[in-house]
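This report concerns ligand binding, metal coordination and selected local features. The sequence and the structure are shown first, and the discussion follows.

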Amino acid sequence: DLDRFQMLNDSLGHQFGDELLIKVSERLNALSDERIMVAYSGGDEFMICQQHVEDIDDVINLLGHIKQCFEESYDVQGEKHNITATMGVAVYPQSGLDADTLLRNADVALYRAKEQGRNTYQFYTEGMQDREVMRLELDKDLDRALANDEFVLHFQPQLDLNDASINSVEALIRWQHPRRGLLPPVDFIPLAEESGRITDIGRWVVRAACQQLAKWQNSSHANLRIAVNLSGRELDDEGIVEHIRETLEYHGVPADRLEVELTEEIFIQNIEHNLNQLSKLHKLGVHLAIDDFGVGYSSLGYLRDFPVDLLKIDRSFITDVTERHDDAVITRAVINLAHNLGIQVVAEGVETRDQLNFLKNHRCDLIQGYFISRPIPAAELERALGSGLLNVDTPVGT
Ligand code: C2E
Ligand code: CA
Ligand code: CA
């Protein structure tokens, strides 16, 4: 299965898509011999059948050859494009005894490979089937989840290390599934992204956050800002900025009460489009934060070009920040870099007092993590704030 083919097809046109498919076919076809058969199965999927497999190394070998077909860029309509592919593998007799089963299980393995990132492969294993059934069921249920009002936002406070105040919370979505209970985002956000339902879910998140902000405006929590997460797929939606503007206006919420968290890939991929979207958001007065900073890319150039207010150091650096020299060095460097650019820094995943002290000593602005509070429902957050429970001595939530 070609990676991100749909996106290329949508943005560069069908003519482009067709030409690319032909060129890919040509390279894959060159692999065929008396043991190897190459077929096109429709869309952006190809099937390759290898017979008389003596040894698993034969398969690995073939996978290597397929991968090589994507090493050199493709020349389509006068421009070079780097294309990658993701593969699912089913081997007779372990993964199935007939063609139908083998094909279905190769598809299951392909799906798993895609979940784990692209440009990779997965062999089918037993147990994948159960996950696949669960996935299909959830996908079906997702259809009704919005209509049935099954999503909820939980809120995780961010503690300002300068004055120990709490002025912002991150909204994290959960799905109150009628049979499976409260599901975390990993169980359904990737599914929703795959099917495109993420657009509507993202719009719901914005509405729910603005509703909450409107409620807090006339209470003792009027100082609170809400940060929502927006994936790249959601930012592709041309109408999202206008939706945010309208929703803020409808609820009478000032734009600077809302913050949008975006992962680094947004600043690296599809730059022109995303820069345009983010500039519009920034002009509205919405704050912008970079999420999971430090895990994806080494390029920092984008910090110069994009209007960014806040940078969130990824939890993976914080976990061992007091034990591992390299994590400590990176964390300090990120804090200094951000401050030199006039950007505030949040550390995520703070679970201990030692981590808090380290971050405070190195002038990190805000912290977020179980040490202060788990993500909790709005009512619980209000209670905790009201009773002064949200301090560093009493972690909240279970
Ligand atoms: P994220 O934006 O990086 O959110 C932080 C995650 O770390 C949350 O997981 C939070 O519960 C968890 N966390 C917070 N403090 C600690 C800590 O001290 N220790 C540990 N071990 N974990 C901590 P959660 O709620 O499961 O969310 C996972 C991811 O799902 C989020 O990662 C975000 O990328 C995505 N997500 C959540 N809500 C939304 C949403 O409304 N829209 C979109 N597109 N994605 C969302
Ligand atoms: Ca986040
Ligand atoms: Ca994060």
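## Polar contacts of ligand 1

To which atom of ligand 1 does a polar side-chain atom of Arg315 lie 3.1 Å away? The partner is a nitrogen atom of ligand 1. With 800 Å² exposed by ligand 1 when taken alone, the protein buries 82% of that area. These values, like those that follow, belong to a predicted model.

Two further side chains place polar atoms beside ligand 1. Gln156 has a polar side-chain atom 3.0 Å from a nitrogen atom of the ligand. For Asp291, a polar side-chain atom lies 3.0 Å from an oxygen atom of ligand 1.

## The shell around ligand 1

Ligand 1 is surrounded by 20 residues, of which Arg174, Glu234, Asp291, Glu351 and Tyr370 come nearest. By character, the shell comprises eight charged, seven nonpolar and five polar residues.

Strand β8 (166–177) and strand β12 (287–293) each contribute at least two residues to this shell. The largest share, four residues, is supplied by β8.

## The calcium ion, ligand 2

Four residues coordinate the calcium ion (ligand 2): Glu170 through OE, Asn229 through OD1, Glu261 through OE and Asp291 through OD, at 2.1 to 2.3 Å. Along the sequence, these donor residues follow the spacing E-x58-N-x31-E-x29-D. Because Asn229 belongs to strand β10 (residues 225–229) and Glu261 to strand β11 (residues 258–263), the pair ties together parts that are 32 residues apart in sequence.

Are Asn229 and Glu261 buried or exposed? Asn229 has a relative accessibility of 27% and therefore counts as partly exposed. Glu261 has a relative accessibility of 1%, so it counts as buried; the cut-off for a buried residue is under 20% relative accessible area.

## The calcium ion, ligand 3, and the bridge

Which residues coordinate the calcium ion (ligand 3)? The donors are Asp291 (OD), Asp292 (OD) and Glu348, which is listed twice through OE, at 2.2 to 2.6 Å. The donor spacing in sequence is D-D-x55-E.

Asp291 bridges the calcium ion (ligand 2) and the calcium ion (ligand 3), and the two ions lie 3.9 Å apart. Asp291 is buried, because its relative accessible area is 6% and the buried class covers values under 20%. Asp292, with a relative accessibility of 25%, counts as partly exposed. Asp291 thus appears in three settings: among the residues that come nearest to ligand 1, as a donor to the calcium ion (ligand 2), and as a donor to the calcium ion (ligand 3).

## Gln277 in helix α11

Gln277 is located in helix α11 (residues 271–284). The relative accessibility of Gln277 is 1%, so this residue counts as buried.

Which residues does Gln277 touch, when residues up to four places away in sequence are not counted? The contacts are Leu235, Asp237, Glu238, Ile240 and Val241.

## Glu137 in helix α5

Glu137 is part of helix α5 (residues 128–145). With a relative accessibility of 28%, Glu137 counts as partly exposed. Apart from neighbours within four places in sequence, Glu137 is in contact with Arg179 and Arg180. The side chains of Glu137 and Arg180 are joined by a polar contact of 2.6 Å.

How far apart are Glu137 and His243 in sequence and in space? The two residues are separated by 106 residues in sequence and by 30 Å in space, C-alpha to C-alpha.

## Backbone features in loops

Tyr92 and Pro93 are joined by a cis peptide bond, with omega about 0°. Pro93 is situated in the loop between β5 (87–89) and α4 (99–115).

Two residues other than glycine are also described here by a positive phi. Asn119 has a phi of about 55° and lies in the loop between α4 and β6 (121–123). With a relative accessible area of 34%, Asn119 is partly exposed. Arg363 has a phi near 65° and lies in the loop between α15 (353–361) and β15 (366–367). The relative accessibility of Arg363 is 56%, so Arg363 counts as exposed; the cut-off for that class is over 50%.

Note on methods:
Residues are numbered from 1 along each chain as its sequence is written. Chains are lettered from A and ligands numbered from 1 in the order in which they are written. This is a predicted model: local features need pLDDT of at least 70, side-chain atom pairs count only at pLDDT 80 or more; totals for chains, interfaces and linings use all residues. Side-chain values use heavy atoms; hydrogens and water are left out. A residue is near a molecule or strand if one of its heavy atoms lies within 4 Å of it. A polar contact is a pair of N or O atoms within 3.5 Å; within protein, one must be able to donate a hydrogen and the other to accept it, and residues adjacent in sequence count only if both atoms are side-chain atoms. Accessible areas come from the Shrake-Rupley method with a 1.4 Å probe; for residues, only the protein chains shown count as cover. Ala, Val, Leu, Ile, Met, Phe, Trp, Tyr, Cys and Pro count as nonpolar, Asp, Glu, Lys and Arg as charged, and the others, Gly among them, as polar. Donors are N, O and S atoms within 2.8 Å of the metal (3.2 Å for Na, K and Ca); water is not among the atoms, so sites may look incomplete. Buried means under 20% relative accessible area, exposed over 50%, partly exposed in between (1.4 Å probe, protein chains only). Contact means heavy atoms within 4.5 Å.
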